[in-house]
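The following exercises ask the reader to work through a protein structure step by step. Each task is followed by a worked solution.

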Amino acid sequence: MKKFLPLFSVALMVSAAVSAQSLRYGITGAMNVSNYAIEIGGVEYSPDSRIGFNAGFRMEMDAPFIYDGFYFDAELLLSSKGAKVKGEDDGVAVKNIVRPYYLELPIHIGYRYMFGSGKVGIFGSFGPYIGVGLFGTNKLSVGDQSSKPDTFSDDSLKRFDFGLGLRGGVQMFDHYRIFIGYDWGLLNISQGDNKINNRNLYIGASYMF
């Protein structure tokens, strides 16, 4: 065992050095189709989805020390989410379009399989994300009256979010990634008695330098 530990330590350092050489950077962007999972008094409610976006920077690191084809990736994104909530209050129509913007950091572990000459392949990844609310507005309409209160306030949404994400797609010519993914928010982001969780389907592309 005493002889094995130094060898194991050397192997880890070699793997880290090889991985550092395979570290790559890129840019990424996607269309968000976001929504909320809402629970009011024990009753689940799903509002209408809202179209938004996410865009930012991406990093990939091969992980052959796990198994050939495995990799880690991380992104730093500006993400526009939200939903369209409709209803009635004493017979008066109520409409609320929520537009929050988050700074998000997803960290995934993935696996890619390349076909034939290695120019085209498929990949899948999963992992957690954290998000911090930056700014946003609620377009609130009650009858003929409307207002735009701040999205992140004491009586609206919490700024911090955390969840899990799943993604799959196609890699082409080493540089291009086309993908579809889904994020499940695990934290209740409501400041009130109701329960609200983020949900987000996205479709996008990345370019790795």
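The exercises below concern this predicted model.

**Exercise 1. The overall fold**

Determine how many helices and strands the chain has, and in what pattern they follow one another.

Solution. Step 1: the chain has one helix and eleven strands. Step 2: read along the sequence, the pattern is α-β-β-β-β-β-β-β-β-β-β-β. Step 3: the chain has 209 residues, and buried residues make up 36% of them.

**Exercise 2. An aromatic pair**

Classify the geometry of the aromatic pair formed by Phe179 and Tyr202, and locate the two residues.

Solution. Step 1: a pair of aromatic rings is described by the distance of the centres and the angle of the planes. Step 2: a search of the whole structure finds nine aromatic pairs. In one of them, Phe179 and Tyr202 lie 6.1 Å apart, centre to centre, with 70° between the planes. Step 3: centres within 6.5 Å count as a pair, and planes over 60 degrees apart count as edge-to-face. The pair of Phe179 and Tyr202 is therefore edge-to-face. Step 4: Phe179 belongs to strand β10 (residues 176-185) and Tyr202 to strand β11 (residues 195-208), so that the pair links distant parts of the chain, 23 residues apart. Step 5: both Phe179 and Tyr202 are buried. Step 6: the face of Phe179 also has a charged neighbour, as Arg167 lies over this face at 4.6 Å from the ring centre.

**Exercise 3. The surroundings of Arg58**

State whether Arg58 is buried or exposed, and identify the partners of its side chain.

Solution. Step 1: Arg58 is found in strand β3 (residues 50-62). Step 2: the relative accessible area of Arg58 is 4%. Buried means under 20%, and therefore Arg58 counts as buried. Step 3: side chains of opposite charge can pair when their charged atoms come close. Step 4: Arg58 forms a salt bridge with Glu60, with the closest N and O atoms 2.9 Å apart. Glu60 is buried, as is Arg58. Step 5: a second salt bridge joins Arg58 to Glu75 at 2.7 Å, N to O. Because Arg58 lies in strand β3 and Glu75 in strand β4, this pair ties together parts that are 17 residues apart in sequence. Glu75 is buried too, with a relative accessible area of 3%. Step 6: salt bridges that share partners join Arg58, Glu60, Asp62, Asp73, Glu75, Arg112, Arg167 and Arg177 into one network.

**Exercise 4. A salt bridge between distant parts**

The structure holds ten salt bridges. Find where the partners Arg24 and Asp174 lie in the chain.

Solution. Step 1: the closest N and O atoms of Arg24 and Asp174 are 2.9 Å apart in their salt bridge. Step 2: Arg24 is in strand β1 (residues 24-40), whereas Asp174 is in the loop between β9 (160-172) and β10, 150 residues apart. Step 3: Asp174 is partly exposed, with a relative accessible area of 36%.

**Exercise 5. A nonpolar surface patch**

Work out which element gives the largest share of the nonpolar patch, and describe Phe135.

Solution. Step 1: the patch covers about 950 Å², and its residues include Phe53, Leu76, Leu103 and Phe135. Step 2: two or more residues come from each of β4 (70-80), β6 (92-115) and β7 (120-142). Step 3: the largest share, four residues, comes from β7. Step 4: Phe135 is in strand β7 and is partly exposed, with a relative accessible area of 44%. Step 5: Phe135 also forms one aromatic cluster with Phe53 and Tyr101.

How values were computed: Residues are numbered from 1 along each chain as its sequence is written. This is a predicted model: local features need pLDDT of at least 70, side-chain atom pairs count only at pLDDT 80 or more; totals for chains, interfaces and linings use all residues. Side-chain values use heavy atoms; hydrogens and water are left out. Rings of Phe, Tyr and Trp (its six-membered ring) pair if their centres lie within 6.5 Å; planes under 30 degrees apart count as stacked, over 60 as edge-to-face and the rest as tilted. Buried means under 20% relative accessible area, exposed over 50%, partly exposed in between (1.4 Å probe, protein chains only). A charge sits over a ring if NZ of Lys or CZ of Arg is within 6 Å of the ring centre and within 35 degrees of the ring normal. Patches are made of residues with over 30% relative accessible area and no salt bridge: like charges are joined within 9 Å, nonpolar side chains (Val, Leu, Ile, Met, Phe, Trp, Tyr) within 5 Å. Accessible areas come from the Shrake-Rupley method with a 1.4 Å probe; for residues, only the protein chains shown count as cover. A salt bridge is a side-chain nitrogen of Lys or Arg within 4 Å of a carboxyl oxygen of Asp or Glu.
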